[in-house]
Amino acid sequence: MRKTIIILVSLVLLSHLSFARKVILNPSYEFRTTGISEISRIEIKKNETKLWIHCTFLPKLWIKFNKQTYIKDAVSGEKLFVKNIENGEIDKEMYMPASGDSTFVLVFPALPRTSGSIDYGEGEKTLIYGVSLKSRKTPGTRLDTIPASVAKWIDAELAKAKTKTPVDYSSPDFFNRDTARLVGYIKGYDRRAGFSTGIIYASNVLTREDFPTVITIHEDGRFESNIPMCHPKHGYLTFGDNWIGFYIEPGRSLSMILNWEDFLTADRLRNVRYTFKDITFGGPLAAINEDLLSVPTTNTDYGVLEKSVKTLSPVDFKASQLHFWSDCEAQLERELKVKNITPQAEKILRNEVMVENASFLFNYIMDREYQAREDTTNNILKIEAGIDYYDFMKRLPLNDPSLLITQNFSTFINRFEFAEPFSGAYKIQHTSSPKKSFKEYLFKELRLEQTEDDKSYLKLENESNQKMSQALTKEERDKLMKSLEEKGKTFYAKYNKQFDNYKNKYLKPTENSSLKWASDNWSYKDSILKADFKLQPALVYDIVKVRSLKFTFKSAMDKDAVRTFLTSFENGISHPFLASEAERLFNEEYPSVPKTAYDLPEGRATEIFRKIIEPHKGKILIVDFWGIFCGPCIASIKHHKENRKKYKDNGSFDFIFITSDNESPLDRYTEFVKEQDLANTYRISSDDYQYLRQLFKFNGIPHYVLIGKDGKVINDDFAMHNFEYEIQKYIVQKSM
C-alpha cells in the first residue's frame, strides 16, 4: 500500500513538474501573415508563458511591441496580453542591429493547462496562426507546383480570350473599349491572410473616369477579375498592402501565379520599394510581362525631391534632374543590349523612364509652390522657374499613344494640365459678354466726364485686350497684367457704387456663360502651349482638353448650346477615338431620356451597402466615404460639423460615414469619431470597402453619394461643396 502511494505521489509530482516548465523549440504553425517575426522558442511555466520572438528586419530601423500584443488560446479564444519584455520595453522603439536580426523575450500570463495551440498577434491583427505547443517545425519546402484542378481552370480561362496576340502600338486598334481578363493563383494562400479580395484602381485617363475593379480570391487561392479598359496598360494590382505590377490589354487574358513567400518578403522589406519576383505569367501577354519584370530600372527618389525643393533653384534642380534622366536612359540601354526582350517591353520601359522623370520635374514646381506659402523666408523658394524650365517636354514623343501605357501617365497628365504656365487661364471671367461695357455705362449712359486718369486706364485696358490675343511670353503677360491691375484698382475704387449698379443691370450670368468661359480658356491655353511650352498641339494636349469636358458639361444646362460648343471643340481634336470619347461623355451627361434615381445592381456590393443604409430607410442619406489619413476627408468632416448640428433633428435626411479598417486604424478612428460627434459611422472590412469602391466607381476619397428615401441612388457623385444649396432641393420635397 505504502509503495502504491509513493508511486502515485511521484506521478503527480512528475505531472506537476512537466507542466511547471515546458519548452518547445521552433514550434510548428499553420499560417503566418508577418515576414518579420517568427517564434523560435516557447517556455510554458505555471505562472507565465514566454515567447522568444526572432525578428528579421531592415538594419537600423526600429520595431515595437505594444500593449495590445497577445497570445490567444485556440480552444477558449481568450487573449492574454504581454506583461513585459525581458530584453526591452513595451511601447518602446527598439532599433535593429547591422545584421538585421534580433530576438526578444515576451512574457505573457500563464496559459490554461488544456492549451494545445495558440495564435500570436497585436491589436486587430493576428500575425501567426495555430502555433503548436506540442510539435516542432519541420523543414518546409517551397510550393513549386499548383494543383492540377487549378492549372486546368487557368488554361480554360485563357482559352476564352477574344484576341490571342498582343496589339500593335502603331495600329488603330491601340484604342479599344473592351474588357481584359485577369486570372491567377497564390501558392500558400490561406483565408486568414487578412484579405479575401484584391483591387485594381482602373481608370480611363482620357476622361477622368474611375473604374476600381475588385479581384475575387477564392478559398483555394485562385483569383479572377474583369477589367474595363480602352488601351493597353502597365499598371498595378493590390493585395492587402502589396502593389504588384502587370501589363494587360483590352480583349486579352493574362494569368499570374504568385507565391505567399513573396508576400512575407514584401512585409519584411516594407520600408523599401519591393518588386515581387516569384511570378509566373501565362497567356499571349506572358512574354511582355516577363520582360518587364526582368529589366531593373532606376526610380526617382522623392526624398531627394523634398530636399531639393528647399535648397536648389529651378535652374539647378532641372540641370540635376536632366542629368539623372540621361543616366537612367543610359542604364536602360545597357540592360537592353544584353537582354533580348520583346519590342513592346522595350517601348514601355523607355516610355517609363521619360514619363517618370518628366513627372518628377513637374512635381518640383508643384511642391515648391506649397513650400513657398509655408516658408516665406527661404530665398530659394522666391526664385521663379521661368518659361525655359518646361522645355523638357520636348524630350517626349507627345503624339505617341504608347505613352499612355506607362504606370505614371495619370500623374504626368495631371501635372501637365495644371502646370503653372496654364494657371492664368483660370482667371478668365466666368460671365457672358454684357450688352454694354462698364465704360459705356459710365460715360454714355450716365454721361459722366472722363478724367485724365480715366483716359489713361481705358487706353491701357484697350491695348491690353489687343496684346493678350497675341502669343506673348509669360514675362510680358505678367508685366502687362500687373500694370493693368494697379491702375484698375484706382479706377474701380473711384466708381465702386456705379459698378455695383452696373453688375446688377448688365453682368447677370447666363446659362451659357460657362461655355463662353471654357472657349476663352482653351484659346488662352492654346497660345500658352505655343508661346511658353514651345509645343504644337499633339495627342497628349488633346487628352488634356478631353479631360476637361466632364466639368464643362456639369457647369452648363442648355443641351443645344453644349452641342454647338462640343462640335467646335472637336474640330481641334485630331484623334478619332478621343472625339468618340467626347461624344460618349456628352450623351451620358445629356441622355435622350432624362436621368432619374436608379436601383443598385444585385450582387455582393449592393448587399453590403443595403445592410448599412437599411436602418435609415425613409430619409435622404448623404453617404461620405472617407479615411483618417485623407486630409480633404478630415477637413470636410470638420467643416460640416456645424451643419450636422444644425440639421440633427430635421427628420428629412441624415449623414452616413463609411470607412475601412485599413483606411482608419481603430484607435485614431475612435478618437476622431468622438471629437467630431459623428453618428451613423461604419468601419467595415477592407474587402467590403473595396466592393463599395467598385459599386460607386471611385478611386479617391472623399467621395459622396446621395441616396433617396426609397434606397435608390439619386446622385453617385454628390457635390458636397454645394451642400447647403443642394440639400434644400430634398428637404422641401417631403413626398420623395
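Colleague: In the salt bridge where the side chains of K619 and D654 meet, what is the N to O distance?
Modeller: This is a predicted model, and in it the side chains of K619 and D654 meet in a salt bridge. The pair links distant parts of the chain, with K619 in the loop between helix 18 and strand 21 and D654 in strand 22, 35 residues apart. The N to O distance of this salt bridge is 3.4 Å.

Colleague: Is D654 buried or exposed?
Modeller: Its partner K619 has a relative accessible area of 25% and is partly exposed. For D654 the relative accessible area is 19%, and since buried means under 20%, D654 counts as buried.

Colleague: Which residue forms a salt bridge with K516?
Modeller: The partner lies four residues away in helix 13 (residues 513-531), so that the two are separated by about one helical turn. K516 is partly exposed at a relative accessible area of 34%, and the partner also counts as partly exposed, at 26%. The closest N and O atoms are 2.6 Å apart, and the residue in question is D520.

Colleague: What relative accessibility does D267 have, given that it counts as buried?
Modeller: The side chain of D267 meets that of R270 in a salt bridge, at 2.7 Å from N to O. R270 is partly exposed, with a relative accessible area of 49%, whereas D267 counts as buried, with a relative accessibility of 18%.

Colleague: How many salt bridges does a search of the whole structure find?
Modeller: Some salt bridges are linked in a network, which is made up of R177, E209, E581, R584 and E588. Over the whole structure, the search finds a total of 40.

Colleague: At what angle do helix 18 and helix 22 pack?
Modeller: Helix 18 (residues 604-613) and helix 22 (residues 686-696) have their axes 9 Å apart. On the helix 18 side the contact is made by R604, A605, T606, I608, F609 and I612, and on the helix 22 side by D688, Y691, L692, L695 and F696. These residues divide into eight nonpolar, one polar and two charged. The two helices are roughly perpendicular to each other, packing at an angle of about 105°.

Colleague: Over which residues does pLDDT stay under 50?
Modeller: The protein chain averages a pLDDT of 89, and 91% of the residues score at least 70. Where pLDDT is low, the predicted coordinates should not be read in detail. The model has seven contacts beyond four places in sequence for the stretch where pLDDT stays under 50, which is residues 5-19.

Terms used
Residues numbered from 1 in each chain as written. Predicted model: local features only at pLDDT ≥ 70, side-chain atom pairs only at ≥ 80, totals over all residues. Heavy atoms only, no water. Axes fitted to C-alpha atoms, helices over the stretch in contact; angles between N-to-C directions. Parallel < 35°, antiparallel > 145°, perpendicular 65-115°, else oblique. Contact = heavy atoms within 4.5 Å. Nonpolar A, V, L, I, M, F, W, Y, C, P; charged D, E, K, R; others polar. pLDDT = per-residue confidence, 0-100. Salt bridge = Lys/Arg side-chain N within 4 Å of Asp/Glu carboxyl O. Buried < 20%, exposed > 50% of the residue type's maximum accessible area, 1.4 Å probe, protein only.
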